[in-house]
Amino acid sequence: MVDAEVQATLEGGNIVLPIVESDEGIETEELILNMGPQHPSTHGVLRLVLKLSGERVVECIPVMGYLHRGIEKIFEWRTYTQGIRYADQADYVSNMLNEHCYTGAMETIGAIEVPRRAEYIRVIVDELSRCAAHLVWLGTYGLDVGATTPLLYCFRDREEILDLFEELCGSRMNFNYYRPGGVLYDLPPGWLAKLERLLDRYEEHIESDYVGLLESNEIFLERTVGIGLIPAHIAVAYGVSGPIARGSGVEVDLRRTRPYGVYPELTEMKPVIMQEGDAFARYKVRVGEMRLAIRLIRECITNLPGGAVRARLGHVWKCPKGEAYYTVEGAKGEVGVYMISNGGPNPFRAKFRGPSFLNLQVLPWLLRGRLVSDAVAIMGSLDFVLGEVDR
Amino acid sequence: MTALEKLPLRPIDFEHDVIQRRPETDQAGLAAPAATAPTPGILAGDDNIVFASLTALVNWARSRSPWPLGYGLACCAIEMMATAASHHDLSRFGAEVFRSSPRQADVMIVAGTVTHKMAPRLRRLYEQMPEPKWVIAMGNCASSGGEFWDSYATLQGVDTIVPVDVYVPGCPPRPEALTEGVLRLREKIAKGG
């Protein structure tokens, strides 16, 4: 079935299409199918070159770079504070987590002590941002497997989260809220009460709408259970992180295994881990993380200390010479920034580790030999954002 | 006496007469509705007789349901989805049918940063769309390069490769801003633009 000797030159022009034999003994010509860069289910501008033999995918070659905006180079041209705004743009669905990572690298180099109130606020906005990212994923994954209703439900809750963000920092996306040594603003009056009301509604919606709608749906179960199986050793070998790794039973959650901020103090922080490794397990992990986020935010609201939200650094703060690697458990996996400072006004180098880029590596392995109709369901369950893949 | 006053006909404003007119806003908030904006070339009598040139009627019909191309590039695409989703509901203005194929679309909403690698594909998608077609440049990146003004990899404004009808500023624009952009485009289409 799978012809290992396929050596087609894809973009060179001399494409040789060998005759292959299918399962049923029917001879078909191998077909090259371009999926993307404009395709509604590639979640952006990913292009997949699929070599098909009948209904089966023989080989999948992801072509990236359609959204390469040179963010890492721009980091070197901007000051440290200006760079926070560009870190937003990498994973534009969960912006706060990227900002946390970028400022965290600065704070590690400068050995800045962050006030405890700021750390608690950071956990709140991080987890809200994670919820917003998972809601976008859940809605679009519903679209991928043929359900339109989850998108409308998910964006209803996401809008409420974005309204809170807007009140907090003046923007619905691309917040520019983190600062070295804390956050920009304190919580506005009445914000926590609104947040609590939102959490109550949201918790109810998770059980009644998302879980109730999807997990009892025969089509959704048929398209996800047992599809896109990633064994634990493959997940480790490909460097997969985040909900995909945890859906395969790999116990890697940086909030526990490489803790940062005040996560070690939070008693509710228990990683969500599933053993199955299929698309449905990844869905369960993400829904579990939404519930976990609600519990974490509630704990933070209860224990929220008073005090300043930003360390005193003086008017002109300069990052001292040094280098650091800082990681944050993002919505897609391990977000990392390797920052080198030579004491100047801008970073000498800031390498951005986008988890989507590394999670995408497993896609060709996953699609090999699968049905082409499962390609969209598998790709959607990996949940990558192209801004982070291409940067 | 002008010719208009001799006939028992008056200019028709479809927004006002047929559909309820949307409230006007200014910097201070909700303002009084402006004077009626008559649809050019269409006159109506009180006994439900409409006189119109065919061009005006076709333009009016086209302006009521521009189908966008589902073409998300970057951050703005998320706000475009939010505009089409439940809370902001672009289908109130007939523009919610996001087509996956350019051959079925009327409006291309360029939502996001256009890179040099993407530019030829964008141009090809534009050429695949049937006439008449319009382009909305959504966000600062698509309008002028935006915050990637000094990046080596991005196009400085999508109007360097396709003609743009409406620019929607913002990074990313709020869903209300995109809705306003679609409404402005409707006015432009109704005028035959």
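**Note on the predicted model of chains A and B**

1. Across the interface of chain A and chain B there are 14 residue pairs in polar contact, both residues of each pair being at pLDDT 80 or more. The model is a predicted one. On the chain A side, the elements that give two or more residues to the interface are α1 (71-77), α2 (80-88), α4 (116-144) and α5 (149-169). Helix α5(A) gives the most, with 8 residues. By type, the residues on this side of chain A divide into 19 nonpolar, 8 polar and 10 charged.

2. The contact draws 37 residues from chain A and 35 residues from chain B. Q38(A), Y66(A) and R69(A) supply 22% of the area that chain A buries against chain B, more than any other three residues. The area buried between the two chains is about 3,000 Å², and carbon and sulfur atoms give 60% of that.

3. The interface of chain A and chain B also holds 4 salt bridges. R172(A) forms a salt bridge with E79(B), with 2.8 Å between the closest N and O atoms.

4. Helix α3 of chain A covers residues 95-110, and its 16 residues should span 22 Å at 1.5 Å a residue; the end C-alpha atoms are 23 Å apart, which agrees. Of these 16 residues 14 are buried, so α3(A) is largely enclosed by the rest of the structure. Buried here means under 20% relative accessible area.

5. Just after α3(A) comes A111(A), with a positive phi of about 50°. A111(A) sits in the loop between α3 and α4 of chain A. Its relative accessibility is 64%, so A111(A) counts as exposed. Most residues other than glycine have a negative phi.

6. Chain B has a residue to set beside this one: D89(B), which is not glycine, has a positive phi near 50°. D89(B) is in the loop between α4 (75-84) and β7 (107-111) of chain B. At 27% relative accessibility, D89(B) counts as partly exposed.

7. Two peptide bonds in chain B deserve a look. The bond from E131(B) to P132(B) is cis, with omega near -5°, and P132(B) lies in the loop between α5 (119-128) and β8 (134-138) of chain B. C171(B) and P172(B) are also joined by a cis peptide bond, with omega about -15°. P172(B) lies in the loop between β9 (166-168) and α7 (175-190) of chain B.

8. E196(A) is in helix α6 (residues 191-214) of chain A. E196(A) is partly exposed, at a relative accessible area of 38%. The C-alpha atoms of E196(A) and I297(A) are separated by 9.0 Å, although the two residues are 101 residues apart along the chain.

Technical notes
Residues numbered from 1 in each chain as written. Chains lettered and ligands numbered in written order. Predicted model: local features only at pLDDT ≥ 70, side-chain atom pairs only at ≥ 80, totals over all residues. Heavy atoms only, no water. Helix = DSSP H or I, 4+ residues; strand = E, 2+ residues; numbered from the N terminus. Expected span 1.5 Å × (residues − 1). Buried < 20%, exposed > 50% of the residue type's maximum accessible area, 1.4 Å probe, protein only. Contact = heavy atoms within 4.5 Å. Buried area = accessible area lost by both parts, 1.4 Å probe. Salt bridge = Lys/Arg side-chain N within 4 Å of Asp/Glu carboxyl O. Polar contact = N/O pair within 3.5 Å; in protein donor to acceptor, adjacent residues only side chain to side chain. Nonpolar A, V, L, I, M, F, W, Y, C, P; charged D, E, K, R; others polar.
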